[in-house]
Amino acid sequence: MLARSSPSDADATRQRCEAAVLSAADLVARDRTDGVLEKVLPCLEEPDELPPWTVSTAANLVSFVRLCDFDFDGALAIQDWAAPYHSR
């Protein structure tokens with residue numbers, strides 16, 4: 001169903017991002033970080049078009065990857081940015 005939908009369809013975009021976040025979470029659960037950022041960063045480009053859970057979880061996954069890369073400032077920055085979504 002998603003493959004047949006228009007790329008500009010808001011519902012399809014939401015579903016694609018939710019699927020990407022779940023796929024990235026599966027990688028992280030297996031201690032794999034390769035490909036996580038590529039999956040979730042596009043979802044953070046228009047966060048107000050997505051459910052808060054999707055944005056919050058995507059930000060947490062970005063933080064995890066940044067922590068694994070010893071980018072502590074980057075992990076803190078994404079958490080600060082995502083705070084409004086965490087609180088919803």
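Trainee: What makes up the area that the chain exposes?

Mentor: The chain exposes about 5600 Å², and carbon and sulfur atoms supply 54% of it. Accessible areas come from the Shrake-Rupley method with a 1.4 Å probe; for residues, only the protein chains shown count as cover. This is a predicted model: local features need pLDDT of at least 70, side-chain atom pairs count only at pLDDT 80 or more, while totals for chains, interfaces and linings use all residues. Residues are numbered from 1 along each chain as its sequence is written, and side-chain values use heavy atoms, with hydrogens and water left out.

Trainee: Why does Phe 70 count as exposed?

Mentor: Buried means under 20% relative accessible area, exposed over 50%, partly exposed in between (1.4 Å probe, protein chains only). Phe 70 has 64% relative accessibility, so Phe 70 counts as exposed. Of the 88 residues of the chain, 33% count as buried.

Trainee: Why is the pair of Phe 70 and Phe 72 called edge-to-face?

Mentor: Rings of Phe, Tyr and Trp (its six-membered ring) pair if their centres lie within 6.5 Å; planes under 30 degrees apart count as stacked, over 60 as edge-to-face and the rest as tilted. By this rule there are two aromatic pairs. The centres of Phe 70 and Phe 72 are 6.1 Å apart and the planes stand at 80°, so this pair is edge-to-face.

Trainee: Why does the radius of gyration agree with a compact globule?

Mentor: The rule is 2.2 Å times the number of residues to the power 0.38, with the radius taken over C-alpha atoms. For 88 residues a compact globule would have a radius near 12 Å; the chain has 13 Å, which agrees. The C-alpha trace spans about 40 × 25 × 15 Å along its principal axes.
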